[in-house]
Structures are given as C-alpha cells and as structure tokens.
Amino acid sequence: MIGRMLLRWILLAISLAGTAALLPGVEVSGGVWPVLWTAALFALVNVLLGTLLRIITLPLMLLTLGLFGIVVNAVVLWLTDALTDSLEVDGFWAGLFGALCITVLAAILHLLFREPLRRRD
C-alpha cells in the first residue's frame, strides 16, 4: 500500500515536471525536492478541496459531461500555486492547459505502470 502511494506520488511529480517543461506558463523551480513537495501539496489540495469543488459543481459536471472537471483541476493547480513558492502558474489559461497536461501525462504514466499499481489482496 505504501509502495503504491509512493509510486503514484512520484508519477504525479514526473507529470508536474513534464508539464512545466512543455508549457511556458507553468514553472516549477528548485530541482527535484521542490517538484516532489509541489506534487505532494497538489495531491493534498486535490483530495481536500478538489473533492469538495467537484461535489459543489456536480450539476455543471453533468451538463458538460465531465469537461468542467478540467476547470476544477485548474483551480486546484492555482490553489497549489498560491500555497507554494516552487510553482508558478501564469494566469487562467496556463492553469487550464497545465491541469489538462498534468491529467494526460499522469494517465499515460499510470497506464505504463499499471501492473505495479494493481492491488494485490
């Protein structure tokens, strides 16, 4: 269980670093440790506030067939930016495309590492 959680955290950090490398409006400064810290903070904000935002915006989620979830992820990314000095998101569109890029990169990495992430009971 701890190993899967650490692997997910590292995959999120890689997704965050990849997004920062691909998009000019998203930057993570400071090296490996700040990327890991930012990924942990992003995950924490996503769990605590992202879930609440998704519940509040459920009608919009249903109306847009889930596409509003990208906006919720952009808000979570913006909140993470506000909480740490390691992450810099330059505006709404950078946050929106950054959230989309993080989601796509994380999904690809989870597909590549799906066997170690499988639950073994």
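Colleague: Hello! Let me start with one residue: in which helix is F97 found?

Modeller: Welcome! F97 is found in helix α5. Please keep in mind that this is a predicted model.

Colleague: Is F97 buried, partly exposed or exposed, and why?

Modeller: Its relative accessible area is 47%. Buried means under 20% and exposed means over 50%, so F97 counts as partly exposed.

Colleague: Which residues form a nonpolar patch on the surface?

Modeller: The patch consists of F92, W93, F97, L100, V104, I108, L112 and F113. Together they have about 830 Å² of accessible area.

Colleague: I see some rings there. How is a pair of aromatic rings described?

Modeller: The general idea is to give the distance of the centres and the angle of the planes. Here, a search of the whole structure finds two aromatic pairs. In one of them, F92 and W93 are edge-to-face, with 5.2 Å from centre to centre and 75° between the planes. Ring pairs also link F92, W93 and F97 into a cluster.

Colleague: How do F92 and W93 count in terms of accessibility, and why?

Modeller: F92 has a relative accessible area of 49%, so it is partly exposed. W93 reaches 56%, and therefore counts as exposed.

Colleague: Let's turn inward. Where do nonpolar side chains tend to be in soluble globular proteins?

Modeller: They tend to be buried together. In this model, the largest nonpolar core has 18 residues, and V28, F42, L77, L87 and I102 touch the most other members. At least two core residues come from each of α1 (2–22), β1 (26–28), α2 (32–56), α4 (68–83), β2 (87–89) and α5 (92–112). The largest share, six residues, is supplied by α2.

Colleague: What is F42 in contact with, leaving aside its neighbours within four places in sequence?

Modeller: With that restriction, F42 is in contact with L12, N73, V76, L77, T80 and I102.

Colleague: N73 catches my eye. Where is N73 found, and is it buried or exposed?

Modeller: N73 is found in helix α4. It counts as buried because its relative accessibility is 15%, and the cut-off for buried is under 20%. Beyond neighbours within four places in sequence, N73 is in contact with F42, N46, R54, A99 and T103.

Colleague: One last residue: in which helix does T19 lie, and what is its relative accessible area?

Modeller: T19 lies in helix α1. Its relative accessible area is 0%, so T19 is buried. Again leaving aside neighbours within four places in sequence, T19 is in contact with V26, G98, C101, I102 and L105.

Note on methods. Residues numbered from 1 in each chain as written. Predicted model: local features only at pLDDT ≥ 70, side-chain atom pairs only at ≥ 80, totals over all residues. Heavy atoms only, no water. Core = buried A, V, L, I, M, F, W, Y, C linked by side-chain atoms within 4.5 Å. Buried < 20%, exposed > 50% of the residue type's maximum accessible area, 1.4 Å probe, protein only. Helix = DSSP H or I, 4+ residues; strand = E, 2+ residues; numbered from the N terminus. Contact = heavy atoms within 4.5 Å. Patch = residues over 30% accessible without salt bridge, like charges linked within 9 Å, V, L, I, M, F, W, Y side chains within 5 Å. Areas by Shrake-Rupley, 256 points an atom, 1.4 Å probe, with all protein chains shown as cover. Salt bridge = Lys/Arg side-chain N within 4 Å of Asp/Glu carboxyl O. Phe/Tyr/Trp six-rings, centres within 6.5 Å; stacked < 30°, edge-to-face > 60°.
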